[in-house]
Amino acid sequence: MNKLAMLNGGDILPNIPSVHGGKDPQQQHHREVVARWRVPMYGKVYEIEFEHGTASGKRVLWIDKQEVFRRDWMFKLVGEDMFKLEDKRCIIRVDPLPGFRYSYSLFVDGKSYDQFTESQAKALRTWETKLGDNFYRIVLEKNTLNIYVNGKLIEENGEFVDGGTDTTFIEDNNTFVLSARTSGNKREGIVHRLMVNGAEIQDSSLIA
């Protein structure tokens, strides 16, 4: 039976088994991924996948294609599973729906998935660019002023200039300059721009 899983905030996936290589590529198994979420945190975007075998009660959690936990042959088909993502406590909740269907909800740091991603969108500025064969994802945490390049925290300090600061860092011989300037508008606050090798990169967190 092709069961449609209902998700709160993530992707809606048909419960169709797919094949994925485990730790041993010779021992592939069928996966029953019913829920998938993308969670931004500390400069990274984690892909969380959840398997739920409605016949066996099996539950499997995958983070970035790595198996985090597996619970086979659970008699209770609904309930909660807790795990940690970085330093945040996360919960996946399985609730029953009419017609032998189930809803899947993710909670991160006490917030629903939608609430958490919305708060992250307000707290982060993100730029993405490809230079040659290299892809870069630069994330600024506005509350801490931490800067991450492909999920790695950089140690550079900002230099005070007229009207704000410039933070310069180099990756693979590419020069990045993240500038912060006062906008003069109380509602707009600080304006952040990223230049790479002298060219401005569009803020991808503002792209609809």
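**Exercise 1. Count the helices and strands of the protein chain, then say how much of the chain is buried.**

Solution. Start with the tally: the protein chain has 1 helix and 21 strands. Both are DSSP runs numbered from the N terminus, with helices being H or I of at least four residues and strands E of at least two. Keep in mind that this is a predicted model, where local features need pLDDT of at least 70, side-chain atom pairs count only at pLDDT 80 or more, and totals for chains, interfaces and linings use all residues. Residues are numbered from 1 along each chain as its sequence is written, and side-chain values use heavy atoms, with hydrogens and water left out.

Next, burial: 39% of the 208 residues count as buried. Here buried means under 20% relative accessible area, exposed means over 50%, and partly exposed is in between (1.4 Å probe, protein chains only).

Then the surface: the chain exposes about 12,400 Å², and carbon and sulfur atoms supply 50% of that. These areas come from the Shrake-Rupley method with a 1.4 Å probe; for residues, only the protein chains shown count as cover.

**Exercise 2. Work out which strands β6 pairs with, and how many of its residues are buried.**

Solution. First, place β6 at residues 44-52; 7 of its 9 residues are buried, so the strand is mostly covered.

Second, look back along the chain. Strand β5 (residues 33-41) pairs with β6 in the antiparallel sense over 8 bridges; two strands pair if DSSP finds at least two bridges between them. Valine 33 stands opposite glutamate 51 in β6. The two strands make a hairpin with 2 residues between them, and tyrosine 42 in the turn has a positive phi of about 50°.

Third, look ahead. β6 and strand β7 (residues 59-63) run antiparallel, joined by 5 bridges. Isoleucine 48 has isoleucine 63 in β7 as its bridge partner. This hairpin has 6 residues between the strands, with glycine 57 in the turn at a positive phi of about 80°.

**Exercise 3. Sort the side chains of β9 by face, then find the strand it is bridged to.**

Solution. Walk along β9 (residues 79-85) and you'll see the side chains alternate. Gly79, Asp81, Phe83 and Leu85 point to one face and are buried, while Glu80, Met82 and Lys84 point to the other and are not.

Now the bridges: 7 of them join β9 to strand β10 (residues 88-97), and the two run antiparallel. Aspartate 81, for instance, has isoleucine 92 in β10 as its bridge partner. Their hairpin has 2 residues between the strands, and glutamate 86 takes a positive phi near 55° there.

**Exercise 4. Lay out the sheet that holds β13, and say where helix α1 packs.**

Solution. Write down the order: β13-β14-β15-β16, an open sheet of 4 strands with antiparallel pairing. The edges are β13 (124-131) and β16 (152-153), each pairing on one side only. Helix α1 (residues 113-123) packs on this sheet and touches β13 and β14; its direction makes about 75° with that of β13. Contact means heavy atoms within 4.5 Å, and axes are lines fitted to C-alpha atoms, for helices over the stretch in contact, with angles from 0 to 180 degrees between N-to-C directions.

Then zoom in on one pairing: β13 and β14 (residues 134-141) are antiparallel over 8 bridges. Threonine 126 has valine 139 in β14 as its bridge partner.

**Exercise 5. Describe how phenylalanine 169 and phenylalanine 176 are arranged, and whether each is buried or exposed.**

Solution. The structure holds 3 aromatic pairs. Rings of Phe, Tyr and Trp (its six-membered ring) pair if their centres lie within 6.5 Å; planes under 30 degrees apart count as stacked, over 60 as edge-to-face and the rest as tilted. Phenylalanine 169 and phenylalanine 176 are stacked, at 5.2 Å centre to centre with 5° between the planes.

For burial, phenylalanine 169 has a relative accessible area of 3% and is buried, and phenylalanine 176 is buried too, at 0%. Finally, add Tyr136: with Phe169 and Phe176 it forms one aromatic cluster.
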